[in-house]
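Hi everyone, and thanks for making the time. Please pull up the sequence and the structure on your screens, and we'll walk through them together.

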Amino acid sequence: MDKLCYFYPTGHEMHFAAGNPERPARIEAIQQRLHELGLWQDFPKLPPVALSQSLLEHIHSPELLAMLNSADGSRSQIDSDTYLTAHSWPLALNAAGGAAAVAYSVFNQESAKGFALSRPPGHHATPYHAMGFCLLSNIALA
């Protein structure tokens with residue numbers, strides 16, 4: 001059993017809005033500090049699992065999922081904290097799939113602990129609304 005596993009969101013820097021406090025530097029600072037402490041190099045980085053449409057719809061409304069998947073290339077503001085870019089939907093699926101991969105590894109005793117560095121984050125979204133920087137509820141999906 002691995003002592004610790006991680007998910008790191010490759011490409012997360014494409015989900016970005018100038019001036020928004022939820023930005024790529026947040027994840028990079030965490031990853032860098034883990035590296036400095038020797039808590040990064042020797043532990044597996046898990047790939048995200050693919051989340052089925054039925055699982056997504058079990059947690060979120062089809063209307064929310066359609067809205068998140070409809071980005072046309074320009075940035076849109078969902079609320080004062082939460083934005084959507086052309087890259088946000090695949091990155092949100094990647095982040096939620098990463099959280100699910102970590103949860104799966106710990107649940108199946110492949111790892112004792114896990115940490116998903118998720119971007120976009122996913123703990124404020126509700127079944128019907130993306131909010132608080134979060135597009136999907138990574139926690140519920142995991």
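Let me start with a word I'll use a lot: a residue is buried when its relative accessible area is under 20%, exposed when that value is over 50%, and partly exposed in between. One more thing to keep in mind is that this is a predicted model.

With that word in hand, let's go to helix α4. Of its 20 residues, 14 are buried, so α4 is largely enclosed by the rest of the structure. We can also check its length. Counting 1.5 Å a residue, we expect 28 Å for α4, and its end C-alpha atoms are indeed 28 Å apart, so the two agree.

Let me pick out one residue on that helix. Asn94 is part of α4, and because its relative accessibility is 18%, Asn94 counts as buried. What is Asn94 in contact with, if we set aside its neighbours within four places in sequence? The partners are Phe7, Pro9, Thr10 and Pro48.

Now follow the chain off the end of α4. Just after the helix you meet Gln109, with a positive phi of about 60°. Here is some background on that: most residues other than glycine have a negative phi, and most peptide bonds are trans. Gln109 is not a glycine, yet its phi is positive. You'll find Gln109 in the loop between α4 and β4. Is Gln109 buried or exposed? Its relative accessible area is 59%, so Gln109 is exposed.

Let's move on to the loop between β4 and α5, where I have several stops for you. Phe133 sits in this loop, and it takes a positive phi of about 80° without being a glycine. With a relative accessible area of 23%, Phe133 is partly exposed.

Pro120 is in the loop between β4 and α5 too. The peptide bond that joins Arg119 and Pro120 is cis, with an omega of about -5°.

My last stop in this loop is Ser118. Its relative accessible area is 12%, so Ser118 is buried. Beyond residues up to four places away in sequence, Ser118 touches Arg26, Ile27, Ala95, Ala99 and Asn138.

Hold on to Ser118, as it brings us to the pocket. The largest pocket has a volume of about 220 Å³. It is lined by 16 residues, and those closest to its centre are Ala116, Ser118, Gly122, His123 and Asn138. Which elements give two or more residues to this lining? They are α1, residues 24–36; α4, residues 88–107; β4, residues 111–116; and α5, residues 138–141. By character, the lining residues divide into 11 nonpolar, four polar and one charged.

Let's finish with the charged side chains. How many salt bridges does the structure hold? The count is three.

In one of them, the side chain of Arg26 meets that of Glu22, with N to O at 3.1 Å. Arg26 is partly exposed, with 34% relative accessibility, while Glu22 is buried at 4%.

Another salt bridge pairs Glu22 with Arg119, at 2.7 Å from N to O. Why is this pair worth pointing out on your screen? Glu22 lies in the loop between β1, residues 2–7, and α1, while Arg119 lies in the loop between β4 and α5, so the pair ties together parts that are 97 residues apart in sequence. Both of these residues, Glu22 and Arg119, are buried.

Then there is the salt bridge of Glu36 with Arg33, whose closest N and O atoms are 3.2 Å apart. This pair lies within helix α1, three residues apart, which is about one turn of the helix. In general, an α-helix has 3.6 residues a turn, so residues three or four places apart point the same way. As for accessibility, Glu36 is partly exposed at 49%, and Arg33 is partly exposed at 47%.

Putting the bridges together, Glu22, Arg26 and Arg119 are joined into one network by salt bridges that share partners.

That's my tour. If you'd like a place to begin exploring, try Ser118, which is among the residues closest to the centre of the largest pocket and touches Arg26, a member of that network. Thanks for listening!

Terms used
Residues numbered from 1 in each chain as written. Predicted model: local features only at pLDDT ≥ 70, side-chain atom pairs only at ≥ 80, totals over all residues. Heavy atoms only, no water. 1 Å grid on protein atoms, 1.4 Å probe; cavity = no way out; pocket = protein on both sides within 12 Å on 5 of 7 lines; lining within 4 Å. Points joined across faces, edges and corners; volume = space filled by probe spheres on them. Helix = DSSP H or I, 4+ residues; strand = E, 2+ residues; numbered from the N terminus. Nonpolar A, V, L, I, M, F, W, Y, C, P; charged D, E, K, R; others polar. Expected span 1.5 Å × (residues − 1). Buried < 20%, exposed > 50% of the residue type's maximum accessible area, 1.4 Å probe, protein only. Contact = heavy atoms within 4.5 Å. Salt bridge = Lys/Arg side-chain N within 4 Å of Asp/Glu carboxyl O.
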